Amino acid sequence: MRDPSRKRHIAKTITWRMVGTLDTILLSWFITGNPWTGLKIGLAEVFTKMILYYFHERVWFKINLSKKGIVRESRKRHIFKTLTWRGVGTLDTMLLSWLVTGNPLIGLKIGLSELLTKMILYYLHERVWYRMDYGLESRG
């Protein structure tokens, strides 16, 4: 039988990417002063981040099973998950920003500026999804 949690992780990937991309576009535009640069960086990361996020979700799902196979959730788990995702996401944004602008300093500025905004947005995204049962057979 197929794992029903995959639907959930795909849906979470899509909703988070929409929130995250908008944040990156706005921050990149603000930092570079060029809306087209912000758009280029945001669109480039749609692809890389969706792949990275999906695998991040799968890893966290696999390492967080109880003996009965029920996913355990907590605020502490969401904080740790937020921190690990932010590390992966920030590195990706810095590299993409550097590639798009040709300037490693701009990549660093954009990556560091989104640390705070993305952690807050990601934590809120996790809390919203925690309240939904979509793609889960049971919750413990």
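**An aromatic cluster in a four-helix chain**

In this predicted model, the residues W16, Y53, W85 and Y122 come together as one aromatic cluster. The structure as a whole holds five aromatic pairs. One of them joins W16 to Y122 in an edge-to-face arrangement, with the ring centres 5.2 Å apart and an angle of 90° between the planes. An angle over 60° counts as edge-to-face, so the 90° between these two rings places the pair in that class. The pair links distant parts of the chain, since W16 belongs to helix α1 and Y122 to helix α4, with their positions 106 residues apart in the sequence. Both partners fall under the 20% limit of relative accessible area that defines a buried residue. W16 is buried because its relative accessible area is 0%, and Y122 is likewise counted as buried because its value is 1%.

The chain that carries this cluster has four helices and zero strands. Read from the N terminus, its elements follow the order α-α-α-α. The chain comprises 140 residues, of which 39% are buried.

Helix α1, which contains W16, covers residues 5-32 and therefore has 28 residues. From its first C-alpha to its last, helix α1 reaches 39 Å, a span close to the 40 Å expected at 1.5 Å a residue. Just after α1, G33 adopts a positive phi of about 80°. Helix α2 then occupies residues 35-63.

The arrangement of the helices can be considered next. Two packed helices are described by the angle between their axes and by the distance between those axes. For α1 and α2, the angle is about 150° and the axes lie 7 Å apart. Angles over 145° count as roughly antiparallel, and α1 and α2 are therefore placed in that class relative to each other. The crossing in which α1 passes α2 is right-handed. By class, the contact of α1 with α2 has 13 nonpolar residues, eleven polar residues and seven charged residues.

A second packing involves α2 and α4, whose axes are 16 Å apart and meet at an angle of about 50°. This angle makes α2 oblique to α4, because 50° lies outside the ranges for roughly parallel, roughly perpendicular and roughly antiparallel helices. The crossing of α2 and α4 is right-handed.

Further relations between separate positions in the sequence involve helix α3 and the segment after α4. G87 is located in helix α3, which spans residues 75-101. With a relative accessible area of 35%, G87 is partly exposed. G87 and G111 are separated by 24 residues in sequence, and their C-alpha atoms are 9.9 Å apart in space.

L136 lies in the segment that follows α4, the helix of residues 104-130. The relative accessibility of L136 is 23%, which means that this residue counts as partly exposed. L136 and R6 are 130 residues apart in sequence, whereas the distance between their C-alpha atoms is 9.2 Å.

Note on methods:
Residues are numbered from 1 along each chain as its sequence is written. This is a predicted model: local features need pLDDT of at least 70, side-chain atom pairs count only at pLDDT 80 or more; totals for chains, interfaces and linings use all residues. Side-chain values use heavy atoms; hydrogens and water are left out. Helices (H or I, at least four residues) and strands (E, at least two) are DSSP runs, numbered from the N terminus. The expected span of a helix is 1.5 Å times one less than its number of residues. Buried means under 20% relative accessible area, exposed over 50%, partly exposed in between (1.4 Å probe, protein chains only). Axes are lines fitted to C-alpha atoms, for helices over the stretch in contact, and angles run from 0 to 180 degrees between N-to-C directions. Angles under 35 degrees count as roughly parallel, over 145 as roughly antiparallel, 65 to 115 as roughly perpendicular and the rest as oblique. A crossing is left-handed if the near helix is turned anticlockwise from the far one by less than a right angle, and right-handed if clockwise. Ala, Val, Leu, Ile, Met, Phe, Trp, Tyr, Cys and Pro count as nonpolar, Asp, Glu, Lys and Arg as charged, and the others, Gly among them, as polar. Rings of Phe, Tyr and Trp (its six-membered ring) pair if their centres lie within 6.5 Å; planes under 30 degrees apart count as stacked, over 60 as edge-to-face and the rest as tilted.
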